[in-house]
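Visitor: Please take one part of this structure and look at it closely, beginning with a single side chain and working outward to whatever surrounds it. I would like a connected account rather than a list.

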Amino acid sequence: MLELGRSGSHGVPKGTVPVVEDGAVVATLRASNWKEAATADVAGREWVLRRNGSRELVGRWAVDPADAVRVRARQDSFWSNAWTLDLEGVPVQAQTVSRWTGGHRFTSGGQLLAQSGTTGRWSWTPTLTPQPQLGLDHAVFLLWMGFVLRNRAAAAAAA
């Protein structure tokens, strides 16, 4: 299971959030506090993750042109919180597991790829349980997507 650690923990610099698996850092995220954007370092490759409009999240390698898109998540339905994703050519569907926990189930071709959630009942720490066929780059994107969706839900609840 992947989970987001606390900023500056696990030996990463302050302002950087570790992505942890079995106590080891496997990637890092540097998220913007004011917009839905982040950079991720996954196995030495830097990803640029951002919101594109109000219903789409996209990602590209930092070395790609600014308009390139390698991964994309588009919200199909506001009411059901259903999403359609494209992970470098692999179509993926995301369905809400529970309105209370905010977790999603990610499937492709009827096969489970991952499930997102949180570390505890009242925790805001996003987690992702990927299947072996899901690469780490894509798993980090799904974990960041879960982080963004949790923040949106918290902002809506506070309003």
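Guide: In this model, which is predicted, Asp-137 makes a good starting point: its relative accessibility is 18%, and because buried means under 20%, Asp-137 counts as buried. Asp-137 forms a salt bridge with Arg-45, and 2.8 Å separates the closest N and O atoms of the two. This pair joins distant parts of the chain, since Asp-137 belongs to helix H1 (residues 136-158) and Arg-45 to strand S5 (residues 45-51), with the two positions 92 residues apart. The partner is placed otherwise with respect to solvent, for Arg-45 has a relative accessible area of 32% and is therefore partly exposed. As a general point, side chains of opposite charge can pair when their charged atoms come close.

Asp-137 also takes part in the lining of an enclosed space. Two cavities of 30 Å³ or more turn up when the whole structure is searched, and the largest of these holds about 40 Å³ of space. Its lining is made up of Asp-137 together with Ala-40, Val-42, Trp-47, Leu-49, Val-71, Val-140 and Phe-141. Strands S4 and S5 and helix H1 are the elements that give two or more residues to this lining, and H1 gives the most, with three residues. By class, the residues around the largest cavity divide into seven nonpolar, no polar and one charged.

From the cavity, Phe-141 leads into the hydrophobic interior. Once neighbours within four places in sequence are set aside, Phe-141 is in contact with Leu-49, Leu-57, Val-58, Gly-59, Val-71, Arg-72, Ala-73, Leu-85 and Leu-87. In the largest nonpolar core, which has 33 residues, Phe-141 is one of the five that touch the most other members, the others being Leu-29, Leu-85, Phe-106 and Leu-128. Helix H1 supplies the largest share of this core, namely nine residues.

Arg-72, one of the contacts of Phe-141, has a charged partner of its own. Glu-56 forms a salt bridge with Arg-72, the closest N and O atoms lying 3.0 Å apart. Because Glu-56 lies in strand S6 and Arg-72 in strand S7, the pair ties together parts that are 16 residues apart in sequence. Glu-56 counts as buried, as its relative accessibility is 6%, whereas Arg-72, at 26%, counts as partly exposed. A further pair is made by Glu-88 and Arg-70, with 3.3 Å between the closest N and O atoms. Here Glu-88 sits in the loop between strand S8 (82-87) and strand S9 (90-96) and Arg-70 in the loop between S6 and S7, so the link spans 18 residues of sequence. Both ends count as partly exposed, Glu-88 with a relative accessible area of 38% and Arg-70 at 24% relative accessibility. The structure holds eight salt bridges, and Glu-36, Arg-51 and Arg-152 are linked in a network of such bridges.

Trp-47, which helps to line the largest cavity, opens another route outward. Thr-39, in strand S4 (residues 37-42), counts as buried because its relative accessibility is 19%, and beyond its sequence neighbours within four places it is in contact with Trp-47 as well as Thr-28, Leu-29, Arg-30 and Glu-46. Ala-62, in the loop between strand S6 (56-61) and strand S7 (71-77), likewise has Trp-47 among its contacts, along with Glu-46 and Val-48, when neighbours within four places are left aside. Ala-62 and Val-48 are 14 residues apart in sequence, yet their C-alpha atoms are 5.6 Å apart in space.

Finally, helix H1 can be followed to two other spaces. The second largest cavity, of about 30 Å³, is lined by Gly-102, Ser-116, Gly-117, Pro-126, Thr-127, Gly-146 and Arg-150; strand S11 (111-118), strand S12 (126-130) and H1 each give two or more residues to that lining. The second largest pocket contains about 510 Å³ of space, and among the 22 residues lining it, Val-17, Ala-31, Asn-33, Phe-147 and Asn-151 are the closest to its centre. Helix H1 provides the largest share of that lining, five residues, and by class the pocket is lined by eleven nonpolar, seven polar and four charged residues.

Terms used: Residues are numbered from 1 along each chain as its sequence is written. This is a predicted model: local features need pLDDT of at least 70, side-chain atom pairs count only at pLDDT 80 or more; totals for chains, interfaces and linings use all residues. Side-chain values use heavy atoms; hydrogens and water are left out. Helices (H or I, at least four residues) and strands (E, at least two) are DSSP runs, numbered from the N terminus. Buried means under 20% relative accessible area, exposed over 50%, partly exposed in between (1.4 Å probe, protein chains only). Contact means heavy atoms within 4.5 Å. A nonpolar core is a set of buried Ala, Val, Leu, Ile, Met, Phe, Trp, Tyr and Cys residues joined through side-chain atoms within 4.5 Å. On a 1 Å grid over the protein atoms alone, a cavity is a set of points where a 1.4 Å probe fits but cannot get out, and a pocket is an open set with protein on both sides within 12 Å along at least five of seven lines; lining residues have an atom within 4 Å of a point. Grid points are joined across faces, edges and corners, and a volume is the space filled by probe spheres set on the points. Ala, Val, Leu, Ile, Met, Phe, Trp, Tyr, Cys and Pro count as nonpolar, Asp, Glu, Lys and Arg as charged, and the others, Gly among them, as polar. A salt bridge is a side-chain nitrogen of Lys or Arg within 4 Å of a carboxyl oxygen of Asp or Glu.
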